[in-house]
Every structure is written in C-alpha cells, then in structure tokens.
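Here's a quick look at the charged pairs, the helix packing and the cysteines in this one. Have the structure open while you read.

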Amino acid sequence: MQLQAVILDIDGTLTLSNDAHAQAWVEAFAAYGYDVPFEKVRPLIGMGGDKVIPKMVSELSDEEGDGKKIAQRRKELIINRFSPELSPTPGSRDLLLKMQKEGLRLIIATSATTEELSGLLKAAQVDDLLDQGQAATSSDAEASKPEPDIVEAALSKLQMEASQTVMLADTPYDIEAAGKCGVPVIAFRCGGFDDASLADAAEIYDHPADLLAHYDDSLLGKKELVAR
C-alpha cells in the first residue's frame with residue numbers, strides 16, 4: 001500500500017518536553033498534598049491524565065475531586081511555565097518540511113489538550129507547518145494512549161486507512177495505540193525510552209534529524225507499506 005500520510009505525536013517526538021511533563025505532574029500532585037516522585041511518573045509520560053492519575057494515587061480520578069484539580073494544575077503548569085522554555089527535538093522542522101515536500105499529509109495525534117497544543121507546537125517551531133484545527137487531541141478520545149482512540153481519531157480526520165499511514169512517536173504507549181489500529185510506528189529515542197521499550201516499532205532512530213539523514217532508506221522514503 002502506498003504511504004499517503006504521517007500521524008505525528010508531539011511530546012518527545014517534535015519537542016523535548018517529556019521531562020517537563022513529569023515535573024509538572026510532580027508539582028501538581030504536591031500542590032494537593034500528594035508526594036509523587038519524578039522517577040515514578042516519568043516512565044508513564046505518553047499516557048494521558050486519565051491513566052497517570054490513578055496509577056500514581058489509586059483512589060483518584062481525573063474526572064472529580066483532587067484528581068480533577070491535579071489534572072487542571074498540571075495543564076496550567078505546562079501552558080504557563082514549561083512550554084515557553086521547551087526546545088525542539090533535533091531536526092523536527094526540517095523533517096516536517098521534507099515530508100511536506102514529498103507530498104505526505106501530516107496530522108497531529110496527541111494526548112495533550114487543545115489548549116496545550118498551541119504552546120507545544122510553538123516550542124517545536126513547527127506551528128506554521130501544521131493545521132491545529134485538524135489535530136486529534138485528548139478531546140477527541142474517550143481514553144488516552146495506549147488505548148487506540150486518538151490514533152483512530154486521526155485516521156478518521158484523514159479519511160484514510162491505517163495501511164496508508166505511518167506514525168512518528170517516542171513512547172511505548174504510542175506504539176501500542178497505533179498497533180491496535182494497524183498503523184506502523186517510526187520511533188525516536190529522544191523521548192527518553194530505551195530500545196527494549198520501543199521494540200514493537202517498525203523502525204527506531206535517535207531523533208528526527210537521524211531519520212532525515214536516513215530518509216531514503218526509511219519507511220517514509222520507500223513509501224511502500226506492508227499490510228499489517
């Protein structure tokens with residue numbers, strides 16, 4: 001099947017934000033009296049708050065009480081404090097320009113909220129290249145990654161089959177979510193996960209610049225996808 005479109009994760013894929021998200025969780029929990037160590041929450045980055053909150057404090061939910069307040073506090077921290085300080089992953093803008101030049105459609109699929117997305121894309125220095133109005137965000141999904149909802153929403157917005165797409169991402173939760181939809185993943189190590197965690201990806205590169213350097217030999221360059 002001919003590759004037509006690329007589904008893009010943002011955090012850890014286009015912007016170096018995973019540590020910031022973990023720190024935001026630590027501070028948000030602390031604001032309501034919960035001691036959540038950075039080392040405990042960092043491996044969960046890539047999941048949405050609906051998954052992270054009960055994994056950290058089993059009696060909490062992001063839909064009510066302290067859990068809902070913690071989720072809101074984390075979002076405020078990302079928007080107001082962390083996003084302006086974030087950097088792009090190496091080569092992210094150049095890779096997007098290359099994919100657009102090759103005629104590939106690009107769509108965002110992120111566990112971030114719509115409000116967070118603008119700042120994250122500015123941090124990635126690609127806000128002028130991507131259509132935020134077409135993005136699949138947390139509001140398009142009942143459940144966050146590793147559930148497939150957000151990837152399914154992206155496919156729906158593209159009006160394409162999974163066999164026409166590839167996802168660029170950086171966490172095992174992205175890979176699992178995409179896999180449930182039949183979408184192969186090109187994974188990046190720059191999100192902080194090791195190769196064992198990313199083992200189910202179709203390909204693994206250090207960061208977007210590394211993929212760009214090997215573009216012609218990658219799934220993107222070959223443009224022919226094996227049905228999964």
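Let's start with Arg81, which is partly exposed at a relative accessible area of 35%. Keep in mind that this is a predicted model. What does Arg81 pair with? Its partner is Glu27, and the two form a salt bridge whose closest N and O atoms sit 2.1 Å apart. Glu27 belongs to helix α1 and Arg81 to helix α4, so the pair links parts of the chain that are 54 residues apart. Glu27 is partly exposed as well, with a relative accessible area of 25%.

That's one bridge out of a longer list: searching the whole structure turns up 15 salt bridges. Here are three of them, side by side.

| Acidic residue | Basic residue | N to O distance |
|---|---|---|
| Asp19 | Arg42 | 2.6 Å |
| Glu27 | Arg81 | 2.1 Å |
| Asp174 | Lys145 | 2.8 Å |

Now take the top row, where the side chains of Asp19 and Arg42 meet. Asp19 lies in helix α1 while Arg42 is in the loop between α2 and α3, so this salt bridge ties together parts that are 23 residues apart in sequence. Is each partner buried or exposed? Asp19 counts as partly exposed, at 46% relative accessibility. Arg42 is buried, because its relative accessible area of 14% is under the 20% cut-off.

The bottom row has another pair that links distant parts of the chain. Asp174 is in helix α8 (residues 172–181), and Lys145 is in the loop between α6 (114–124) and α7 (149–158), 29 residues away. Both of these residues are buried. They also take part in a network of salt bridges, in which Asp9 is linked with Lys145 and Asp174.

On to the packing around helix α3, which covers residues 49–56. Which of its residues are buried? They are Lys51, Val52, Ile53 and Met56. These buried residues pack against α1 (18–31), α2 (38–41) and α4 (65–82).

Last up, the cysteines. A disulfide is a covalent bond between the sulfur atoms of two cysteines. How many disulfides does a search of the whole structure find? The count is 0. As for burial, Cys181 has 16% relative accessibility, so it counts as buried. Cys190, at 21%, counts as partly exposed because its value is not under the 20% cut-off for buried.

Conventions:
Residues are numbered from 1 along each chain as its sequence is written. This is a predicted model: local features need pLDDT of at least 70, side-chain atom pairs count only at pLDDT 80 or more; totals for chains, interfaces and linings use all residues. Side-chain values use heavy atoms; hydrogens and water are left out. Buried means under 20% relative accessible area, exposed over 50%, partly exposed in between (1.4 Å probe, protein chains only). Helices (H or I, at least four residues) and strands (E, at least two) are DSSP runs, numbered from the N terminus. Contact means heavy atoms within 4.5 Å. A salt bridge is a side-chain nitrogen of Lys or Arg within 4 Å of a carboxyl oxygen of Asp or Glu. A disulfide is a pair of cysteine sulfur atoms within 2.5 Å.
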